[in-house]
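Student: I have a structure open and would like a close look at one part of it. Could you walk me through that part in one connected answer?

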There are 2 protein chains.
Amino acid sequence: MTEATESDLNLKVYLRERLQLVETAMDRYLPAADASPAHLHEAMRYSVFAGGKRIRPILMMAACEAVGADPARVLPAACAIEYIHSYSLIHDDLPAMDDDDLRRGRPTNHKVYGEAVAILAGDALLTEAFVLLAHPDFARTLSADVRSEVTGIIASAAGSKGMVGGQVVDMESEGKPVDLETLEYIHACKTGALISAAIDCGAVIGGASAAERQWLKRYGQAAGLAFQVADDILDIVADQELLGKDVGSDQERGKATYPALLGLDGARAKARDLKQQALAALDDFGPAAQPLRAIAAYIVDRSF
Amino acid sequence: MTEATESDLNLKVYLRERLQLVETAMDRYLPAADASPAHLHEAMRYSVFAGGKRIRPILMMAACEAVGADPARVLPAACAIEYIHSYSLIHDDLPAMDDDDLRRGRPTNHKVYGEAVAILAGDALLTEAFVLLAHPDFARTLSADVRSEVTGIIASAAGSKGMVGGQVVDMESEGKPVDLETLEYIHACKTGALISAAIDCGAVIGGASAAERQWLKRYGQAAGLAFQVADDILDIVADQELLGKDVGSDQERGKATYPALLGLDGARAKARDLKQQALAALDDFGPAAQPLRAIAAYIVDRSF
């Protein structure tokens, strides 16, 4: 694996290389498409391999690297968190939820496999995340204590007080006036929790000191929120081709967004501020944190 | 906790006492109904506390007891497996799946909270199972190695090659002719896997020897299948009041059942045979396995 500590880090190359590692690992760990029941495993793979940026797994690797450990150690946990992200997208797209027909330019899972299989494929992916966290591959390189801590971090972030909780509040807020505090709560839970968990898992697996872990948590909170603010901005300005979903679809649905609350310029100022917070949290880290710095900048800059 | 080793075990008292332990533990571990987001936590508690028999947690305790350990040690894992059972019922009842309005005589989760919250309450319960398996209470009494093994056993049983897989094949078989082999596959996955996992977790947490674990696995396979055969029989013969769901609803829906394939008498003979297999697997166990024996008998005898 290329050491990405040079100050002239080529982020594009770095992201492509890491993405490939994650794709390869997921392909290896996921049940084969022809394993029985094949219809279910196909549906799981359809959504997992739908071309995501793999930002959570890559952040986990980068956090592990930032504390001086081999990023390959996190791969099972990195895949687990990506399965959870994939399952959440499948369920979010369901007719009873956001009722989306397209995701990344392709028909959503339930459009291809039907609603029942889509629900079950999501359930199975969530479950498979925990199968993976108890996988022998993971046991070989990490102590059971670390694996158990990582299981707790990921499950808590994905659960009723994290991602799922955020989704419920988001849905219940649709079409209602939402203040900035509620919007931050929604995003801290709905997308922030899993991103923060990815970074925290990278820190724990990498053997971070208590101080390093705290700083990485601050980085994760700022970067996670920045990611959402940038997404909201992109939803307004990007063209359909770029995102593969209906432009301004959040707005149509009456969803609260940062641009709606702060205006486009205000949302961009917020994203810039969060980027600075994320970078400041890494002040005590050396060149090994260069990928984390570049990713924070990338997350925000893509929305300008 | 009463020692249930007397040969004159009073099963009713035993089941009631163990059920109370599980209810109390679940109430303690589950997020409070007023914890934010309250709507979600209410929905989770609505289905968890809908009056189940808690057969999986009780079997886990009984297996732990059968190998000479304190059954209270399994409580977090026992609650975790019951959360998973509860989530599976919520998702099974959804309009896209079995579309049931009643469950144990009460409106199903989506009838009360709406489809979106029901999907998310199921997701959150499944996730909460793994939060619990990493809970400090569990860490105090069990080594991380055992917790990790238990996580793997439960996740594998609940996933795409276990419970969820069985549900997919069950759905895909609706209205089609199904042979006995397929029916056994469906049940071994859909209900058998989680029941077997409960017993296996009890064995592992109780520190079973390799031989004890093997025998308990055989017991679990036979008892799990017996449970399903008995349920199929009850679906045909029980009155609506007893089951709280539409009598013969499986038959109406064109679902394959044991009585449909073997006739009512054939299904009863099968249940009796499975009971004998379950009991025979416990031949080398002493009076500490008396609850397991009584439960196997109870599972089958209620269908006569």
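Student: Which residue of chain A comes closest to the rotation axis, and at what C-alpha distance? Please take a close look at the side of chain A that touches chain B, and then link it to the rest of the chain.

Tutor: Happy to. Please keep in mind that this is a predicted model. The residue you are after is A:Ala144, whose C-alpha lies 2.5 Å from the rotation axis, the closest approach among the residues of chain A. As for the axis itself, a rotation of 180° with 0.0 Å of shift along it superposes chain A on chain B, and the RMSD is 0.0 Å. The two copies are therefore related as by a two-fold rotation axis. The same surface serves both copies, since 100% of the contact residues of chain A recur in chain B.

Now to the contact side. Here 44 residues of chain A are in contact with 44 residues of chain B. The elements of chain A that give two or more residues to this side are α2, α6 (115-133), α8 (144-158) and α9 (163-173). Of these, α6(A) gives the most, with 13 residues. Sorted by class, the side of chain A that touches chain B has 25 nonpolar, 12 polar and seven charged residues.

The α6 helix of the other copy is worth a look too. In chain B, α6 (residues 115-133) has 19 residues and reaches 28 Å from its first C-alpha to its last, close to the 27 Å expected at 1.5 Å a residue. Of those 19 residues, 18 are buried, so α6(B) is largely enclosed by the rest of the structure.

From α2 we can step back to α1. In chain A, the loop between α1 and α2 holds A:Pro37, and a cis peptide bond joins A:Ser36 to A:Pro37, with omega about -5°. Chain B also has a cis peptide bond from B:Ser36 to B:Pro37, with omega near -5°, and B:Pro37 lies in the loop between α1 (11-29) and α2 (38-48) of that chain.

Helix α1 of chain A (residues 11-29) has 19 residues that should span 27 Å at 1.5 Å a residue, and its end C-alpha atoms are indeed 27 Å apart. Its buried residues include A:Arg18, A:Val22, A:Ala25 and A:Met26. Seen down the helix axis, the buried residues of α1(A) fall within an arc of 100°, so they line one face. They pack against α2 (38-48), α3 (55-66) and α4 (75-93) of chain A. On the face turned away from the buried side, α1(A) carries the exposed residues A:Lys12, A:Val13, A:Arg16, A:Gln20, A:Thr24 and A:Arg28.

Two loop residues deserve a check of their backbone angles. A:Asp99, in the loop between α4 and β1 (102-103) of chain A, has a positive phi of about 55° although it is not a glycine. A:Asp99 counts as exposed because it has 12 C-beta neighbours inside 10 Å. B:Arg54, in the loop between α2 and α3 (55-66) of chain B, likewise is not a glycine but has a positive phi, of about 60°. With 23 C-beta neighbours inside 10 Å, B:Arg54 counts as buried.

Finally, the whole chain. Chain A has 15 helices and two strands. Its radius of gyration is 18 Å, which agrees with the value near 19 Å for a compact globule of 304 residues. Of the 304 residues of chain A, 55% count as buried.

Key
Residues numbered from 1 in each chain as written. Chains lettered and ligands numbered in written order. Predicted model: local features only at pLDDT ≥ 70, side-chain atom pairs only at ≥ 80, totals over all residues. Least-squares fit on C-alpha atoms with pLDDT ≥ 70 in both. Contact = placed C-beta atoms within 7 Å. Helix = DSSP H or I, 4+ residues; strand = E, 2+ residues; numbered from the N terminus. Expected span 1.5 Å × (residues − 1). Buried ≥ 20, exposed ≤ 12 C-beta atoms within 10 Å, placed from the backbone. Arc of directions from axis to C-beta. Rg over C-alpha atoms; globule rule 2.2 N^0.38 Å. Nonpolar A, V, L, I, M, F, W, Y, C, P; charged D, E, K, R; others polar.
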